[in-house]
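Trainee: I would like a close look at one part of this model, the place where two of the chains meet, and I would be glad if you set it in the context of the chains around it.

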Amino acid sequence: MSQELSVSVWRSETNAFQEFAVPAQDNQTILDVVSWIQANSDPTLSYRFACRVGMCGSCAMMVNGEPRWTCRTHVKKVLKSNSLQIAPLRNLPVVKDLATDMEPFFDKWVEAKGVFQGTKTRHDAIEPILPDTAERVAASTAIECINCAVCYAACDSVSGNADYLGPAALNRAWSLVNDVRDGAYEERIEAVSGTGGCHNCHSQGGCAKYCPNDLNPSASIAGLKRKTTRNWFGWGRS
Amino acid sequence: MIRPHRNHPLWLAFMLHRVSGVALALFLPIHFYVLALALTDPAALNDFFALTENIWVKITEFGLVFLLAAHMLGGLRLMAMEWLPWSDRQKTFAATAVAGAFAISCSFFLSAVSL
Amino acid sequence: MLTTRLYMLQRLTALIMAPLVLGHLAVMIYAVQGGLDAAEILGRTQGSVLWMLFYGAFVAAVATHAAIGVRVVAFETFGLSKSVLTPLTWLIFILLLSLGLRAVYAVTLSGVLG
């Protein structure tokens, strides 16, 4: 590896990429590179991060045209002929430079009925959920989402349809549809059946390819299509 | 067109399904018009069939048969993915669909060029 | 721009067409041998209720399937509004259905009735 990386960073003020030279290190993440630029080259560069360890889901950006969590993406893994191109996430409005407005993403989470609807009170006994039941196994595949919006940025169905709820929100709906304690099954099936619902997914699988936690929203959405189809025929839940 | 985030097999399967679908939708009115010549102008229908002896027309037909077979097999993959229990082998299935479509369209082409 | 109803129509017409397409492909591979011949094709189809039902069902399914498919592509590519999409979907459906049924009539019934 040479001494310096050539890094193009998207700047919203000029609507263009700006070139920076950043010292190369043996171990260096994309977030390290962006932070170095902000600390040493241009303090006006805006970007978002919090935990730096892949927990919080706030630092995702487009790196060489692909959506990635920048805190856990090593430069070595994505460097192309010693250069990097860093841009804000696709499919979301840009606040400034590399920071996107995540509001539409979270609004859709709510629209897809991503909130658990309990049916018991604190006075009821805790309901035992056996780990090997079909519903629990299905829900388990979908629960480690950190809301980083990498899948949302990878998805062309989102780019083509502003109403489309997107992989993360539908994946969340899938985990709740399989939660036997939840009391809003019908409402959730309704919520994922509209003009922005699961039927607008074209199974491109970009979500599954790029999910940093190896989730498969594409499989979750296929599951929702199965459930909504059963519901349409009046066949019941499973 | 193939931007970095699209450079993977299932996106290409999606694009093949979309392109073949639109192409077939555009082809259908012509197809129906030509067949209806049997009603309005049978001689013109035979003149049209004479055109299909041209090798380039045969190659175009091969392309159309490939698109039809690819759209059908790719569509069956999607319905199996959506309605049958989930399988992680989607890339294999998509590749199999394309291979199947190629086999079908090659059989057609060999039939078309043999005397 | 698909609701459950359009999605189900799209999938059900696809399911209906899967065996019809296979049949159509087989007939094509068979009929193309030795070159296409109008008399040969019409000799097989004229007056056949079976071929009329086969291609009649095919045309009805494909008109529905293609109209919904083009609707989705038109929406995602050109961002057309719903007030344009709905008439467009119906227009494509009616166009393909009428042209298709006319073609089915031409190759199966016209020789018998006309």
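Mentor: What follows starts from the meeting of chains B and C, narrows to one pair of helices, and then moves outward to chain A. Please keep in mind throughout that this is a predicted model.

It helps to begin with the two partners one at a time. Chain B has 4 helices and 0 strands, so that, in the notation of elements read from the N terminus, the chain runs α-α-α-α. Its C-alpha atoms fill a box of roughly 55 × 30 × 30 Å along the principal axes, and the radius of gyration of chain B is 17 Å, where a compact globule of 115 residues would have a value near 13 Å. Of the 115 residues in chain B, 34% are buried, and among the contacts in chain B with a separation of 6 or more, 76% join residues 24 or more positions apart.

Chain C, for its part, has 5 helices and 0 strands, and its pattern along the sequence is α-α-α-α-α. The C-alpha trace of chain C spans about 45 × 30 × 25 Å along its principal axes, and for this chain too the radius of gyration is 17 Å, against a value near 13 Å for a compact globule of 114 residues. Buried residues account for 33% of the 114 residues in chain C, while residues 24 or more positions apart make up 83% of the contacts in chain C with a separation of 6 or more.

Now to the place where they meet. In this interface 32 residues of chain B are in contact with 31 residues of chain C. On the side of chain B that touches chain C, the elements that give two or more residues are helix H1 (9–40), helix H2 (42–51), helix H3 (55–83) and H4 of chain B. H1(B) gives the most to that side, with 12 residues. By class, the residues on the side of chain B that touches chain C are 23 nonpolar, 7 polar and 2 charged.

Within this interface, one helix pair can be followed residue by residue. Two packed helices are described by the angle between their axes and the distance between the axes. Helix H4 (residues 90–113) of chain B and helix H1 (residues 4–31) of chain C pack at an angle of about 25°, and their axes are 8 Å apart. Angles under 35 degrees count as roughly parallel, and therefore H4(B) is roughly parallel to H1(C). From H4(B) the contact takes Ile104(B), Ser107(B), Phe108(B) and Ser111(B), and from H1(C) it takes Leu25(C), Met28(C) and Ile29(C). Sorted by class, this contact of H4(B) with H1(C) holds 5 nonpolar and 2 polar residues and no charged residues.

Chain B also has a contact with chain A, where 17 residues of chain A are in contact with 13 residues of chain B. On the side of chain A that touches chain B, E4, helix H9 (206–210) and helix H10 (217–233) of chain A each supply at least two residues, and H10(A) gives the most, with 6 residues. The classes on this side of chain A are 4 nonpolar, 9 polar and 4 charged residues.

Chain A itself is divided into domain 1 (4–100) and domain 2 (103–233), and the centres of these two domains, taken over C-alpha atoms, are separated by 29 Å. Between them, 15 residues of domain 1 of chain A are in contact with 15 residues of domain 2 of chain A. Strand E3 (60–63) and strand E4 (66–69) of chain A each supply at least two residues of the side of domain 1 that touches domain 2, and E4(A) gives the most to that side, with 4 residues. That side of domain 1 divides into 8 nonpolar, 3 polar and 4 charged residues.

Two backbone details in chain A complete the picture. Most residues other than glycine have a negative phi. Arg52(A), however, has a positive phi near 70°; Arg52(A) sits in the loop between helix H1 (30–41) and E3 of chain A and is partly exposed, with 16 other C-beta atoms within 10 Å. Asp97(A) has a positive phi of about 50° although it is not a glycine; Asp97(A) lies in the loop between strand E6 (94–96) and strand E7 (99–100) of chain A and is buried, with 24 other C-beta atoms within 10 Å.

Key:
Residues numbered from 1 in each chain as written. Chains lettered and ligands numbered in written order. Predicted model: local features only at pLDDT ≥ 70, side-chain atom pairs only at ≥ 80, totals over all residues. Axes fitted to C-alpha atoms, helices over the stretch in contact; angles between N-to-C directions. Parallel < 35°, antiparallel > 145°, perpendicular 65-115°, else oblique. Contact = placed C-beta atoms within 7 Å. Nonpolar A, V, L, I, M, F, W, Y, C, P; charged D, E, K, R; others polar. Domains from an automatic or database assignment. Rg over C-alpha atoms; globule rule 2.2 N^0.38 Å. Buried ≥ 20, exposed ≤ 12 C-beta atoms within 10 Å, placed from the backbone.
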